[in-house]
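Trainee: Could we go through this one together? I would like to practise reading a structure step by step.

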There are 2 protein chains.
Amino acid sequence: MTPTTHLDATFAALADPTRRAILARLALGEASVTELAEPFAMSQPAISKHLKVLELAGLISRGRDAQRRPCRLEAAPLAAANEWLEAYRQLWETRFENLDVLLQEMQAAEQQSTRRKPPKPRKKP
Amino acid sequence: MTPTTHLDATFAALADPTRRAILARLALGEASVTELAEPFAMSQPAISKHLKVLELAGLISRGRDAQRRPCRLEAAPLAAANEWLEAYRQLWETRFENLDVLLQEMQAAEQQSTRRKPPKPRKKP
DNA sequence: TTGTTACATAACTATGTGGTTATGAATTTA
DNA sequence: TAAATTCATAACCACATAGTTATGTAACAA
């Protein structure tokens, strides 16, 4: 019903460079927490927090292997975010072209009249 | 040099449903601040703040039309975010398939041995 | 049992975010 | 000129976030 919250969490999770790096690392395969924490100049609890954010966003899931908690990627939320972006990107780019044309026309009109436009009364009660 | 910051700002901007709605509205064409604020149960300064976030992220730009500040979309940051997602989504899905197979194998193995796995000595100095 | 490894959690701090109301500035309209 | 419209900004609040250190817990190893 409300995929809005999912998108919120997904984009918020992606907004942090550490978390994006973790995801990039996990794209190469499963990894434990300490393995994930190693390349970062950051404490282990900080990484655990990031992993919890990613887990709550549904971007990763965690298993059990003795003491280790191997993290693995989950594709579904990414697909949703990708769909959102993709859908609007198309609108964007076409719209962008339209505006480009519109801007050129407006600039041409302004060069003729040297900034003077008729008042546009917007709808008012 | 550091597109990381741009991605940070782009994803953070997309993490808010109000801002996503604003972008969706702008995909239909330019709009003024009050026009953008109208559908939301929120004060005008709140919308102005959201617009500033979107502007700092480079997702929109603003013009001048008398007192109005028409907002228009900018496609470039979206394209960058889209590229990031798209690149990793492919890795993800293939990886996901691999893990799917791997999981099935592990589950089958576990059903036979009823949870008992040989110790895996990880690399240690 | 004792220790070690791998990880989580609690408590705390600093900063960021999303909202508010109040006010000010720029521009058009009367 | 005065008034109305459009928008931004300042000051403030509540809460979230990103990090820290310290400590606890679960599983393996001696």
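Mentor: Gladly! Let us start with a term: a polar contact is a pair of N or O atoms within 3.5 Å. Keep in mind that this is a predicted model.

Trainee: Then how far is the side chain of B:Lys52 from a phosphate oxygen of DNA strand D?

Mentor: The cut-off for a polar contact is 3.5 Å. Between an N or O atom in the side chain of B:Lys52 and a phosphate oxygen of DNA strand D, the distance is 2.9 Å.

Trainee: And which residue has a backbone N or O atom 3.2 Å from a phosphate oxygen of that strand?

Mentor: Side chains make such contacts too: B:Ser48 places an N or O atom of its side chain 2.5 Å from a phosphate oxygen of DNA strand D. The backbone atom at 3.2 Å, however, belongs to B:Val33.

Trainee: What share of the DNA strand D atoms within 4 Å of the protein belongs to sugar or phosphate?

Mentor: These atoms divide into two groups, with bases making up the rest. The sugar or phosphate share is 65%.

Trainee: Which helix of chain A supplies at least two residues of the surface near DNA strand D?

Mentor: Chain B contributes H3 (33-37) and H4 (44-56). From chain A, the helix is H4.

Trainee: Where do the buried residues of H4(A) lie around its axis, on the same side or on opposite sides?

Mentor: The buried ones are A:Ile47, A:His50, A:Leu51 and A:Leu54. They cover an arc of only 100 degrees around the axis, so they lie on the same side of H4(A).

How values were computed: Residues are numbered from 1 along each chain as its sequence is written. Chains are lettered from A and ligands numbered from 1 in the order in which they are written. This is a predicted model: local features need pLDDT of at least 70, side-chain atom pairs count only at pLDDT 80 or more; totals for chains, interfaces and linings use all residues. Side-chain values use heavy atoms; hydrogens and water are left out. Buried means under 20% relative accessible area, exposed over 50%, partly exposed in between (1.4 Å probe, protein chains only). Helices (H or I, at least four residues) and strands (E, at least two) are DSSP runs, numbered from the N terminus. The arc is that of the directions from the helix axis to the C-beta atoms. A residue is near a molecule or strand if one of its heavy atoms lies within 4 Å of it. A polar contact is a pair of N or O atoms within 3.5 Å; within protein, one must be able to donate a hydrogen and the other to accept it, and residues adjacent in sequence count only if both atoms are side-chain atoms.
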